[in-house]
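Visitor: Could you take me through one part of this structure slowly? I'm new to this, so plain words would help.

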Amino acid sequence: MLIGGGLITAFYIIDTSRTNSTDINTEAEGNFLIRKFEWIMNGASSAVISDAGPSSGITLTVVKGGTTYVLRLNGANLELDGVILNSSLIVVTTVGGAVFTTADPDGIKMAFNVNGKEFSTAKHLRK
Amino acid sequence: MKAELITNRKGSGLVEVIIAIAILSLGLSSAILLAFANQSLKISSITNNEALGKAEILIEKARADASEDFSSVVSMSPLADDIYMKSLDVVDIDIFTKEVTSNVSWTGEHGEALAIELVTLLTDPESVLGGDTCTEEVTGDWTNPERFGYGDITSDDGATGLDAFNHRVYLTTTPSGPPQHDFYIFDVSDPNPAGPPAGKLPILSSLDTGYGLEDVRVAGRFVYVVAADTFTVQLVVIDAIDVINPLVISEFDATPVGITGYGNTLAYADSKVYLGLTKSTGPEMYVIDVSDPLNPATVGTLETNTAINQIVIDRDNDIAYIALADPLAGQLWKVDISDPTNPTVLQKFFPGTANWVGQGVALSKTTTDIFLGRIYDVGANDVDLYALDSSDLSATPMDTVTQTWDDGFSRMVVRSGLLFASNNQPNLGFQVWDVSDPTNMTMFGSLNIQQASTAGMDCEGNYIFIGQRSNRALQIIGPS
């Protein structure tokens, strides 16, 4: 009985540690993607969501300091100018079929799931 | 002896097992508690992050709203969002600054109250540089407006124009002769000073430009005034960084030699002065670049062929609304000023009668409603207030007000569905109209001010500042 109890406890502790580790990774990855979005939107002069075709709602084109940046959900990865931002351990998916939606006044709301956990933020253009 | 020893050790094995079980149980319990504590810590960290994100979004939205319309940033009542309650507290620090606090609160795992609070200061650079310092939100009882402080000037010719800016009122007059001063700065930080004499507002400074002045606008440290009754100077720039010693730093003749027309009114927006003249042999509106106040330069003109009595700028849409004298030329013009070198008329409102003069215009900040005030000229009694749709001036007016010949709306401000107007009627010189339904304008409140008001009127905070005839040139009006 004692050995059984010990084994169950050990399993529980190990399982909890693994779950915690996964959740912390998910949180860190989600926050990293949010910070990337905020960096792009800070000081942006324009931000346009692709409004047609398969990239509608998942592609954001931002002009900042004369440079154009494209943030896009490609499959399970979020890409900045074609470079994958997230690690291969996580899966990024849309919320309601879109990652980017317009926010009032003159801004963009970003919402996405990382391994099923939702992250969202909004940034507005500074005039 | 041996047998005695064996007898004494009976049961010690069981005690050892019990002790071992107790120690093991304690160890297991601690491990389980540790695991649960880890779990709690993780959940707490995740909810905290989520709350922080929501608080950041609230602040970000307030900042964006402030850059669109500073006065629109107001407190938000608590709102449920999943397990969180979100709210926004806004405190006015001064006319140009608000302290904004975003609060996100929730209940922790063990029933404890948790909250994230982010605080920031938002400022209004547009107002600092010549924008409107009037608050959109109206407080107090305006059904019975009351007189607050007043300002006396030496000349008994009264005020021709005024601008309230940052607890000061800048007032112009056209004295009948020198050496009387034509420019005054009043301290209105206390809108109703105890005195003695009670209510009299202190004059910080005054000066004589030598021309007599028709109107005034303040943009930061610089004050732009319109010179009256001269063809050679229309715009005078005063540096008022030292309000005790304001200095004339430049005088500008907008009209080419030989062109008639006196300075009559002006507006300021984005380093441009929009100067309106009386009927001239040349254009009546001049767009003057004052990015270098020492060297103003005309960049565009507009021919109206009639006197311009007020210009109101819609900065968000780069539109100027102009109140004009002659009904045959259209008494309200909508002008595209996105290209200041080429102001382009988009629409005109023709009142259809030829008797009254377009005198004032007020544009709602929150709707497309626009109001044209008129004063009596000649002939029969007629409409003295029109409610129009600024998106289509050619549409039939939504409503009109016709009072007596003595009446006539000269300057107006719209706030929270109320129209505050200076009126020509001697016994009802200040009127408040409920225009929340512009198809049915109704009188909301009024006040018999001491002398009938003239062209000057402005608003700052919750107070209305009215220019009056005679030497009691300034009257502050507030709610009861």
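Visitor: How far apart do the C-alpha centres of domain 1 of chain B and domain 2 of chain B lie? And after that, could we look closely at how α1(A) and α2(B) pack?

Guide: Sure, let's do both. Keep in mind that this is a predicted model. The C-alpha centres of those two domains of chain B are 38 Å apart. In the domain assignment, domain 1 of chain B covers 46-123, while domain 2 is pieced together from 146-204, 273-278 and 304-478.

Now for the place where the chains touch. Chain A puts 20 residues into the contact, and chain B puts in 19. On the chain A side, α1 (2-41) and β9 (117-124) each supply at least two of those residues. The biggest giver there is α1(A), with 11 residues. Sorted by class, the chain A side has nine polar residues, six charged and five nonpolar.

So let's zoom in on α1(A) and its partner, helix α2 of chain B, which spans residues 12-68. Their axes are 10 Å apart and meet at an angle of about 15°. Since an angle under 35 degrees counts as roughly parallel, α1(A) is roughly parallel to α2(B). The crossing of the two helices is left-handed.

Who meets whom? From α1(A), the residues taking part include Leu2(A), Gly5(A), Gly6(A), Thr9(A), Tyr12(A) and Ile13(A). Further along α1(A), you can pick out Asp23(A), Glu27(A) and Asn31(A) as well. Over on α2(B), the residues in this contact include Ile21(B), Leu24(B), Leu28(B), Ala31(B) and Ile32(B), and also Asn38(B), Lys42(B) and Asn49(B). Counting both helices, the contact has 10 nonpolar residues, nine polar ones and three charged ones.

How far should you trust the picture? The model scores ipTM 0.84 and pTM 0.73. Chain B has an average pLDDT of 89, with 96% of its residues at 70 or above. Among the elements of chain B, strand β20 (residues 332-336) has the highest mean pLDDT, 97, and helix α1 (residues 2-8) of chain B the lowest, 61. Where pLDDT is low, don't read the predicted coordinates in detail.

While you're in chain A, here are two backbone spots to find. The peptide bond from Asp104(A) to Pro105(A) is cis, with omega near 0°, and Pro105(A) is in the loop between β7 (100-103) and β8 (107-114) of chain A. Then there's Asp81(A), which has a positive phi of about 50° even though it isn't a glycine. Look for Asp81(A) in the loop between β4 (77-80) and β5 (83-84) of chain A.

How values were computed
Residues are numbered from 1 along each chain as its sequence is written. Chains are lettered from A and ligands numbered from 1 in the order in which they are written. This is a predicted model: local features need pLDDT of at least 70, side-chain atom pairs count only at pLDDT 80 or more; totals for chains, interfaces and linings use all residues. Domain bounds come from an automatic or database domain assignment. Two residues are in contact if their C-beta atoms, placed from the backbone, lie within 7 Å. Helices (H or I, at least four residues) and strands (E, at least two) are DSSP runs, numbered from the N terminus. Ala, Val, Leu, Ile, Met, Phe, Trp, Tyr, Cys and Pro count as nonpolar, Asp, Glu, Lys and Arg as charged, and the others, Gly among them, as polar. pLDDT is the predictor's confidence in each residue, from 0 to 100. Axes are lines fitted to C-alpha atoms, for helices over the stretch in contact, and angles run from 0 to 180 degrees between N-to-C directions. Angles under 35 degrees count as roughly parallel, over 145 as roughly antiparallel, 65 to 115 as roughly perpendicular and the rest as oblique. A crossing is left-handed if the near helix is turned anticlockwise from the far one by less than a right angle, and right-handed if clockwise.
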